[in-house]
Amino acid sequence: MNIKAILMVIMSLAIMSCSGKKKRGIDFAEFKKEVTLTPEQEKNFDEITAKYKKQQEQNYEAAKAQGGQMDRVALGIKNEELRAQQSLEMGSVLKAEQLVKFNEFVEKNSRKRPRYTNELLEKIRTEAQLTNEQFTMLNASNDAFEKAFNDAHDIYHGNTDLAREYWSKFDVQRKEAMKTSLYPEQYEKFLELVKDQQFKGRE
């Protein structure tokens with residue numbers, strides 16, 4: 001089965017996009033309880049977090065205003081980029097140990113894209129000894145999984161059990177796509193590396 005055919009199988013499971021409600025942002029007041037900031041640090045901290053919160057809201061509104069099917073994958077990528085930029089800017093405000101805590105706090109409290117991370121993809125590539133063609137398939141099936149799950153958001157929105165059901169269904173398709181592309185020993189290693197990838201609740 002070629003890449004196009006496999007992606008069509010995965011994508012056929014997704015039905016609708018979601019107009020959605022604006023997501024709650026990270027509560028940075030909780031972070032400030034964990035560290036001691038000088039008045040100057042706190043002033044700069046509040047300005048930076050407010051700026052990036054506004055940019056994130058603007059990105060959301062722009063995506064929603066496009067009409068039709070909201071591209072939640074593109075929105076997730078933009079939000080990841082904003083968090084990276086915010087971290088860089090915080091580096092000029094926070095001390096080294098404070099910045100480590102800040103990045104950990106953001107990582108813990110931000111919504112993650114429903115996909116294998118780049119770090120995990122590279123780990124699979126290395127430890128399962130994937131060829132370039134196999135790694136291309138891995139990325140393609142992972143991208144298709146993310147898009148399919150996001151595109152079905154209108155259906156499961158507000159229903160955690162249904163969201164988990166959709167996540168599991170698309171995950172089976174993602175694994176089946178890889179099963180056709182890997183040798184048995186590679187697929188066994190792949191399953192071992194992704195065994196901890198589980199559904200995380202969504203609002």
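**Entry 1: how two helices cross**

I began with the crossing of H9 and H10, and I noted that its hand is right-handed. I am working on a predicted model, so I keep that in mind throughout. H9 covers residues 160-179 and H10 covers residues 184-194. I looked up their axes next: they come within 10 Å and cross at roughly 150°. Angles over 145 degrees count as roughly antiparallel, and H9 and H10 are therefore roughly antiparallel to each other.

Which residues of H9 and H10 make the contact? On the H9 side I found Lys175, Met178 and Lys179. On the H10 side I wrote down Tyr187, Phe190, Leu191 and Val194. I then sorted the contact by class, and I got five nonpolar residues, two charged ones and no polar ones.

**Entry 2: salt bridges**

How many salt bridges does a search of the whole structure find? The search gives 15. I picked out a few to look at one by one.

My first pick was Glu89 with Lys51, whose side chains meet at 2.9 Å, N to O. This salt bridge links distant parts of the chain, since Glu89 sits in helix H4 (residues 72-90) and Lys51 in helix H3 (residues 39-65), 38 residues apart. I checked how open each partner is. Glu89 has a relative accessible area of 26%, so I list Glu89 as partly exposed. Lys51 comes out at 34%, so Lys51 is partly exposed too.

My next pick was Arg115 with Glu146, where the closest N and O atoms are 2.8 Å apart. Arg115 is in the loop between helix H5 (96-109) and helix H6 (118-127), while Glu146 belongs to helix H7 (residues 132-151). The two are 31 residues apart, and I noted this pair as another link between distant parts of the chain. Are Arg115 and Glu146 buried or exposed? I found both of them buried.

Then I turned to Glu127 and Lys189, a salt bridge at 3.6 Å, N to O. Glu127 is in helix H6 and Lys189 in helix H10, with their positions 62 residues apart in the chain. Glu127 has 38% relative accessibility and counts as partly exposed. Lys189, with a relative accessible area of 23%, is partly exposed as well.

I also looked for salt bridges that share partners. They join Glu80, Arg113, Arg115, Asp143 and Glu146 into one network. I was pleased to meet my buried pair, Arg115 and Glu146, again here.

**Entry 3: Gln86 and Ile48**

I moved back to helix H4, where Gln86 lies. Why do I call Gln86 buried? Its relative accessible area is 5%, and buried means under 20%. What does Gln86 touch, leaving aside its neighbours within four places in sequence? I listed Phe28, Ile48, Thr49, Tyr52, Phe102 and Val106.

One of those contacts, Ile48, got a look of its own. Ile48 lies in helix H3. With a relative accessible area of 6%, Ile48 is buried. Leaving out its neighbours within four places in sequence, I found Ile48 in contact with Gln86, Glu89, Met90 and Val93. Glu89 is a familiar name, as it is the partner of Lys51 in a salt bridge.

Last, I took a C-alpha to C-alpha distance: Ile48 and Ser87 are 9.6 Å apart in space and 39 residues apart in sequence.

Methods
Residues numbered from 1 in each chain as written. Predicted model: local features only at pLDDT ≥ 70, side-chain atom pairs only at ≥ 80, totals over all residues. Heavy atoms only, no water. Axes fitted to C-alpha atoms, helices over the stretch in contact; angles between N-to-C directions. Helix = DSSP H or I, 4+ residues; strand = E, 2+ residues; numbered from the N terminus. Parallel < 35°, antiparallel > 145°, perpendicular 65-115°, else oblique. Left-handed = near helix turned anticlockwise from the far one by under 90°. Contact = heavy atoms within 4.5 Å. Nonpolar A, V, L, I, M, F, W, Y, C, P; charged D, E, K, R; others polar. Salt bridge = Lys/Arg side-chain N within 4 Å of Asp/Glu carboxyl O. Buried < 20%, exposed > 50% of the residue type's maximum accessible area, 1.4 Å probe, protein only.
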